[in-house]
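User: I would like to go through this model by question and answer. Please keep the replies brisk.

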Amino acid sequence: MERKKVTVPGIMRAKDEGRPIVAVTAYDYPFARIADQAGIDFILVGDSLGMVVQGNDTTLPVTMDEVIYHSRMVARARERALIVADMPFGSYQVDERDAVANASRLIKEGAAEAVKLEGGEAVAETIRRIAAIDIPVMGHIGLTPQSVHRMGGHKVQGRKRGSAPGQRERLMADALAVEEAGAFAVVLEGIPLDLAAEITAALSIPTIGIGAGVECDGQILVMHDVLGLCESLAPKFAKKYANLWQDARGALETYADEVRLRTFPTIDHSFQSLQPVRTKRPMAAEG
Ligand code: KIV
């Protein structure tokens, strides 16, 4: 894996070169640093932070100031990865001037290199306006968490052929509209694999799948799902590569036991006075 900085044109080239694009979310400096060192191509400061960091049931309460705060921490960790910041609910739907101003804040104050927003045909003009001032835009269609109330939950979209009149056709039209408006890539979330494959074949920009099967040009997962950092079960489409929740809980239980048993701290974790000192605690053996 090359350590060369990942750029927007590099992400776009990956599709032509058949190189899978790897992405993960991060919300703070240490995890972004780990992701960057692991060779992740782009890091998304996702509004999923509303759920996995803030503990809300949806992403809807997340504000611009909160994304900027997290994006700044993530951007400080960047060496190789491209940093994409999510536009939170309400930051781009009111009007296009607002959307351009908020996208600019994510670049200027959040130190992101690109922004992501949810929606298809309905936000195509907004994507066009943001891209027109040279802010790279990533689209996001399918299961769009900011539409949770319309969808009646975080539900897979476009699953039944012939039902939900035209839903599959609408998703294809959304994908084409996002590309035509100037997005450099598009996240396909929670759609069946055959539809994701059709969209991937129809677009010249890369598709980044999450719960969208095996034929997307890249994959993204929420960091907490990849690392097993959630108390609840990870979604079906995610794969847990570690179990940090259990590991962290075990470590803290051991710490608590040791403090209560007075086996931590030992003299090794202590500073010596410059004068000889009397202590009730056993001295560690000299090595
Ligand atoms: O906010 C987020 O984490 C996302 C990803 C799930 C794509 O939008």
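Analyst: A residue counts as near the ligand if one of its heavy atoms lies within 4 Å of it. The model is predicted.

User: How many residues surround the ligand, and which are the closest?

Analyst: The shell around the ligand holds 13 residues. By class, five are nonpolar, four polar and four charged. The closest are Thr25, Asp47, Ser48, Asp86 and Lys116.

User: What is the distance from the polar side-chain atom of lysine 116 to an oxygen atom of the ligand?

Analyst: A polar contact needs N or O atoms within 3.5 Å. Aspartate 47 places a polar side-chain atom 3.0 Å from a ligand oxygen. For aspartate 86, the distance from a side-chain N or O atom to a ligand oxygen is 3.1 Å. For lysine 116, the distance is 2.9 Å.

User: How much of the ligand's accessible area does the protein cover?

Analyst: The ligand sits in the largest pocket. On its own, the ligand has 260 Å² of accessible area. The share covered by the protein is 96%.

User: How many helices and strands are in the protein?

Analyst: The protein has 287 residues, and 47% of them count as buried. Its C-alpha trace spans about 80 × 40 × 40 Å along the principal axes. The counts are 11 helices and eight strands.

User: Is histidine 140 buried or exposed?

Analyst: Histidine 140 is found in strand E5, residues 137-142. Its side chain makes a polar contact of 2.8 Å with the side chain of glutamate 189. The cut-off for buried is under 20% relative accessible area. Histidine 140 has 4%, so the residue is buried.

User: Which residue offers its backbone oxygen to a polar side-chain atom of asparagine 102?

Analyst: Asparagine 102 is found in helix H5, residues 96-108. With a relative accessible area of 13%, asparagine 102 is buried. A polar atom of its side chain lies 2.8 Å from the backbone oxygen of serine 91.

User: How far apart in space are alanine 197 and threonine 207?

Analyst: Alanine 197 is found in helix H9, residues 193-202. Alanine 197 counts as buried because its relative accessibility is 18%. Threonine 207 is 10 residues away in sequence. From C-alpha to C-alpha, the two are separated by 9.3 Å.

User: What separates the C-alpha atoms of threonine 200 and methionine 172?

Analyst: Threonine 200 is also found in helix H9. Its relative accessibility is 8%, so threonine 200 counts as buried. Along the chain, methionine 172 is 28 residues from threonine 200. Their C-alpha atoms are separated by 9.8 Å.

User: Why does alanine 111 count as partly exposed?

Analyst: Alanine 111 is found in the loop between H5 and strand E4 (114-116). Its phi is near 60°, a positive value in a residue other than glycine. Partly exposed lies between the 20% and 50% cut-offs. Alanine 111 fits because its relative accessibility is 29%.

User: Is arginine 262 buried or exposed?

Analyst: Arginine 262 lies in the segment after H11. Phi of arginine 262 is near 60°, a positive value in a residue other than glycine. The cut-off for exposed is over 50%. Arginine 262 has a relative accessible area of 63%, so the residue is exposed.

User: What is omega for the peptide bond from phenylalanine 264 to proline 265?

Analyst: Proline 265 is placed in the segment after helix H11 (244-260). The peptide bond from phenylalanine 264 to proline 265 is cis. Its omega is near -5°.

Terms used
Residues are numbered from 1 along each chain as its sequence is written. This is a predicted model: local features need pLDDT of at least 70, side-chain atom pairs count only at pLDDT 80 or more; totals for chains, interfaces and linings use all residues. Side-chain values use heavy atoms; hydrogens and water are left out. A polar contact is a pair of N or O atoms within 3.5 Å; within protein, one must be able to donate a hydrogen and the other to accept it, and residues adjacent in sequence count only if both atoms are side-chain atoms. Accessible areas come from the Shrake-Rupley method with a 1.4 Å probe; for residues, only the protein chains shown count as cover. On a 1 Å grid over the protein atoms alone, a cavity is a set of points where a 1.4 Å probe fits but cannot get out, and a pocket is an open set with protein on both sides within 12 Å along at least five of seven lines; lining residues have an atom within 4 Å of a point. A molecule sits in a cavity or pocket if more than half of its atoms lie within 2 Å of its grid points. Ala, Val, Leu, Ile, Met, Phe, Trp, Tyr, Cys and Pro count as nonpolar, Asp, Glu, Lys and Arg as charged, and the others, Gly among them, as polar. Helices (H or I, at least four residues) and strands (E, at least two) are DSSP runs, numbered from the N terminus. Buried means under 20% relative accessible area, exposed over 50%, partly exposed in between (1.4 Å probe, protein chains only).
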